[in-house]
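I opened this entry to log what I looked up, one item at a time. Ring pairs come before charges and the core.

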Amino acid sequence: MLDENLPTFYLRPSSDNVKHHASVLLSQYGSEAQPVYSLRHPDPSSPASKNRYAVALYDSFSPDILYGEVLLIPEWTQSSLSQEEIRKNGGVPPPPQPILPSSFVIQLYNPDQQVVVQQGVSKWSATPQWVFEMPQQSFRQPSAASIDRTQSDPTASEITPKFRFKWKKDGKLSKDYVCSLSGKNTNPDGSRRKHNEPDITLSIFKQLREITMYEPNLSRVDMEDPKGLEVVMLLSAIVIREVYNGHVRETFNVSDAPRRHCCERPPRKNSNDRAHRHRNDLPSSPAPPQLPSQRPTLQVQTSDSRPPPTDPRSQWEIDVETAQLQKQVEREERERRRAEHAETKRVKKMLEDEERKAREKQLGIDRETERLKREFEKEQRQAQRKAKPTLPSRPSPGLQPINYPQPPMQRPHSARPHYTGSPYMQAPSGATSSSVFLPVSSSSGRHSDGRRLGAKPSFLRILGHSDHSGPRVTKKQSAVF
């Protein structure tokens, strides 16, 4: 505080605990500071407050009384078309950045008036300064003539004399700003000669927290609307603090790029958990297969409560969000196709396993059938061998010949020679008989089993001239044929 007797305005948080509201307190002659004005900013969460700055000055006791307001919409940089920048930004152009405007307008009410504050640079100290002008006459002169009522207000007339004010920094390293009246003409006769007074200090913005008014110097400003000058100095000081000495993104409520958590890939689930859940959710009866036309499709909500874009930043946000939604839809479509392909592969593998098991089962059945068939044929052959005796097989060359026993010869009934038609030749009398086809195995006159062979009949005995009586030999049976 420079002097407790001077009127000093303090900027404090609002008593209603609203973050974007503030209170302006006034203290004079050492009294306790009391609220006189209320500062209101739009709600940062409201879509209408995006990418812009606005502040309004209300009366503290009557919240419906609005003294003035400022609406500031920044300019934006052009998006870079460099492929390198687009690649680094995830396939979309980089966002446009806000540019601090070189001027802003303060709108006053009752009477309505617009005060343009222009930013510049001081010629001597090269420090930034903000210049604005206010008319000396703000209200109409009372008149009963109707023609006077049709004329424009003095604030809008170009012939109305104006005072020039400026805010400038007290020094390059200082945080104090000084508002002064500059260029006041001291020629009472109105001559063209320039006799301007030096700058008259009207207020000081101390450390961007409190504004002290030099009341003695304010009386030197011959204006019809001193209240309007006070409101303009307060609003211009607040805009300089918040816009030109603050963070640009926070000041203009510039939101960050749309987050990518909504387009991120969902975490992969464990196969064991998925199989366990699949077993738990398995219906008791098989459900009918779902047709491809019945697949659920992703529905993107196109309705938006936001106002239409009025700046490049809003349009960029909409474009980025649209591109991310398209990527999300494409990714979900790929996931759906991948899941369908995996399900088709799983079903195909299951069918192949079932076919392989069926083939293995059928092969086992065929092998068992062949085994049973062979056993049955073997048993059938064994039964046939037992039921019918088999003839001896012909000996092979080089094997030991087998001697068959000769049946005893019977005496013929008559002495008449009888030709039996046997293919075997009869040996002469006194010689032993032997087989034509089989060689004689031994000269011992015994069978292979040790039995003694009987004496062979003589030729005369065969012809019937035998000394022994007995039945007649009719035919000799072959042991082979």
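I began with two aromatic residues, Phe9 and Tyr37, in this predicted model. Both Phe9 and Tyr37 are buried. I looked up the relative accessible area of Tyr37 and got 2%. Tyr37 counts as buried because that value falls under the 20% limit.

Next I checked the ring geometry. The ring centres of Phe9 and Tyr37 are 6.3 Å apart, and the planes meet at 40 degrees. I logged the pair as tilted, because an angle of 40 degrees is neither under 30 nor over 60. Then I placed both residues. Phe9 belongs to strand E1 (residues 8-13) and Tyr37 to strand E3 (residues 34-40). The pair therefore ties together parts that are 28 residues apart in sequence.

Which ring pairs with Tyr37 edge-to-face? I found Tyr67, with the two centres 5.5 Å apart and the planes at 85 degrees. An angle over 60 degrees counts as edge-to-face, so the label fits. Tyr67 sits in strand E5 (residues 66-72), while Tyr37 sits in strand E3. The parts that this pair ties together are 30 residues apart in sequence.

I then took the total for rings. The count is seven aromatic pairs. I also noted a cluster: ring pairs link Phe104, Trp130, Tyr177 and Tyr244.

Charges over rings came next. What sits over the ring of Tyr58? I found the charged end of Arg40 there, 4.0 Å from the ring centre. Tyr67 came up again in this search. Lys227 lies over the face of Tyr67, at 5.5 Å from the ring centre.

I stayed with Lys227. Lys227 has a salt bridge to Glu230, with the closest N and O atoms 4.0 Å apart. Both residues lie in helix H4, three residues apart, which is about one turn of the helix. Are the two partners buried or partly exposed? Lys227 comes out at 37% relative accessibility, so I marked it partly exposed. Glu230 has a relative accessible area of 21% and is partly exposed too, because the buried class needs a value under 20%.

I turned to the salt bridges as a set. Side chains of opposite charge can pair when their charged atoms come close. How many salt bridges are there? The count is 13.

I moved on to helix H7 (residues 312-387). Arg338 and Glu335 meet through their side chains in a salt bridge, 3.1 Å from N to O. They are three residues apart in helix H7, so about one helical turn separates them. Arg338 has a relative accessible area of 43% and is partly exposed. Glu335 is partly exposed as well, at 28%.

I checked another bridge in helix H7. Arg371 forms a salt bridge with Glu375, and their closest N and O atoms are 2.7 Å apart. The two residues lie four apart in helix H7, again about one turn. I read 34% relative accessibility for Arg371, which is partly exposed. Glu375 reads 37% and is also partly exposed.

I logged one network too. Salt bridges link Glu333, Arg336, Arg337 and Glu340.

Then I looked up Ser182. Ser182 is found in strand E12 (residues 177-182). Its relative accessible area is 6%, under the 20% limit, so I marked Ser182 as buried. What does Ser182 touch, leaving aside neighbours within four places in sequence? I found contacts with Arg164, Lys166 and Asp199.

The core was next. The largest nonpolar core has 49 residues. Those with the most contacts inside it are Phe104, Ile106, Phe132, Met134, Phe165 and Trp167. Helix H4 (residues 226-242) supplies the largest share of this core, 10 residues. Phe104 is also in the ring cluster I noted earlier.

I closed with the whole chain. I counted eight helices and 14 strands. Of its 481 residues, 26% count as buried. The chain exposes about 34,600 Å², and carbon and sulfur atoms supply 52% of that area. Last, I looked at contacts between residues at least 6 apart in sequence. Of these, 55% join residues at least 24 apart.

How values were computed:
Residues are numbered from 1 along each chain as its sequence is written. This is a predicted model: local features need pLDDT of at least 70, side-chain atom pairs count only at pLDDT 80 or more; totals for chains, interfaces and linings use all residues. Side-chain values use heavy atoms; hydrogens and water are left out. A nonpolar core is a set of buried Ala, Val, Leu, Ile, Met, Phe, Trp, Tyr and Cys residues joined through side-chain atoms within 4.5 Å. Buried means under 20% relative accessible area, exposed over 50%, partly exposed in between (1.4 Å probe, protein chains only). Contact means heavy atoms within 4.5 Å. Accessible areas come from the Shrake-Rupley method with a 1.4 Å probe; for residues, only the protein chains shown count as cover. Rings of Phe, Tyr and Trp (its six-membered ring) pair if their centres lie within 6.5 Å; planes under 30 degrees apart count as stacked, over 60 as edge-to-face and the rest as tilted. A charge sits over a ring if NZ of Lys or CZ of Arg is within 6 Å of the ring centre and within 35 degrees of the ring normal.
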